[in-house]
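Here are some short exercises to work through with the model open beside you. Try each task before reading its solution.

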Amino acid sequence: MFTMRKLLRLAVNQSTEEWSSFCSGKLKPLFLTQFCNLRWQTTASTVTSSRPKDQSSRDEANYKARVDLATTYRALEFFDMGEGICNHLTLRAPSRVREEDVMLLIPYGMHWKEVTASGLLGMDFFTGEVIEGDGEPNISASCIHRPIHNARYPIDGMTAVLHTHQPYTTTIACMKDPEPFKIGLSQNSMRFLNKIAYDMQYDGFANVSDEGERLAKVLGDKDLLLMGQHGVLAVAKRACDAFDNLYYLERAAQIQVLLMSSGAQGMTAPPEVIKSVADDDCYEHNASAFFESMKRILANEKPNLMD
Ligand SMILES: [Zn+2]
């Protein structure tokens, strides 16, 4: 049972991570939710005048996260995996104006080709208030992404949530099959062994935070959520890992769709082969190298990415 004295002590003394964990926990009485929001609203409106002592390192980390997220938007667009001004990618970052972290994302109406590091918004994880930058966030981005960040970050330090309607993956998500993505068909598919959760109950546009909380539960501890008749969502500790997973998922999905379109029968690798590919330790290193190569390519195309 939480008394008001205990709540006040939590609000004053807990670190950001501990408070995030507390607020995203299983305790759901209305007064607790309101109290959590009050703490964050109060913090957001007052700390702008008292920047933390380690602010220069936070500024540096904030800028790095902004460059990483801008690169992710542009790189997915580069591979034709974006969809106009819709779909959203978000990344946790230390704030440049307060002690608590913010969720970086693009303002509503910005095309993925236009994204720059400085053009991103920073949003409060609990209230949805814009703390950094100018512009309005998309309501779906706020409703879906914040609950997923709040559910996973305290558990495994996940900082990136990427949602796309990338075409081949979405084609597979539209198939009437409880597990439509075929692991073991191609080498690219095998890395996703036990990494994908399925939500095959499409229920219209997601404009309420309840939908984000529901999706967080369906996602569980997986890296990817295939969303029936909709698209895909990837989470990871680093933007480059989530991007890498989306890229290779789309390539594997492309092979599956092309094979199915040909009418030919596909092969499936033996379970021990699939497991050995999935367990290989190359993925994180490859993801970093791939992401850095995309930064160079994209910065050469349009140097304002880093602005
Ligand atoms: Zn969507």
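The exercises below go from helix packing to the sheet and then to single residues.

Two notes before you start. This is a predicted model, in which local features need pLDDT of at least 70 and side-chain atom pairs count only at pLDDT 80 or more, while totals for chains, interfaces and linings use all residues. Residues are numbered from 1 along each chain as its sequence is written.

**Exercise 1.** Find how α4 and α9 are oriented to each other, and which residues meet.

Solution. Start with the elements: helices (H or I, at least four residues) and strands (E, at least two) are DSSP runs, numbered from the N terminus. Helix α4 covers residues 55–78 and helix α9 covers residues 239–262. Next, take the geometry: their axes are 10 Å apart and the packing angle is about 10 degrees. Axes here are lines fitted to C-alpha atoms, for helices over the stretch in contact, and angles run from 0 to 180 degrees between N-to-C directions. Angles under 35 degrees count as roughly parallel, over 145 as roughly antiparallel, 65 to 115 as roughly perpendicular and the rest as oblique. Therefore α4 is roughly parallel to α9. Finally, list the contacts (C-beta atoms, placed from the backbone, within 7 Å): D68, L69, T72, A75 and L76 of α4 meet A239, F243 and L246 of α9. This contact of α4 with α9 has six nonpolar, one polar and one charged residues. For these classes, Ala, Val, Leu, Ile, Met, Phe, Trp, Tyr, Cys and Pro count as nonpolar, Asp, Glu, Lys and Arg as charged, and the others, Gly among them, as polar.

**Exercise 2.** Do the same for α9 and α11.

Solution. Helix α11 spans residues 283–301, and α9 packs with α11 at about 95 degrees, with axes 9 Å apart. That angle makes α9 roughly perpendicular to α11. On the α9 side the contact uses C240, D241, F243 and D244; on the α11 side, Y283, E284, N286, A287, S288, F290 and F291. By class, the contact of α9 with α11 has six nonpolar, two polar and three charged residues.

**Exercise 3.** Trace the sheet: what is the strand order, and which strands stand at the edges?

Solution. Eight strands make an open sheet with mixed pairing, in the order β4-β3-β2-β1-β5-β8-β7-β6. Strands pair if DSSP finds at least two bridges between them. β4 (130–132) and β6 (196–199) are at the edges with a single partner strand each, so one side of each has no neighbour in the sheet. Zoom in on one pair: β2 (residues 102–105) and β3 (residues 121–123) are antiparallel over three bridges, and L104 has G122 as its bridge partner in β3. Now add the helices. α4 lies across β1 (88–93), β2 and β5 (160–164), at about 165 degrees to β1. α9 lies across β1, β5, β7 (224–227) and β8 (231–236), at about 145 degrees to β8.

**Exercise 4.** N87 and Q229 have positive phi values; is each one buried or exposed?

Solution. Most residues other than glycine have a negative phi. Phi is near 70 degrees for N87 and near 55 degrees for Q229. N87 sits in the loop between α4 and β1, and Q229 in the loop between β7 and β8. Count other C-beta atoms, placed from the backbone, within 10 Å: 20 or more is buried, 12 or fewer exposed, and in between partly exposed. N87 has 23 and is buried; Q229 has 12 and counts as exposed.

Notes. Two residues are in contact if their C-beta atoms, placed from the backbone, lie within 7 Å.
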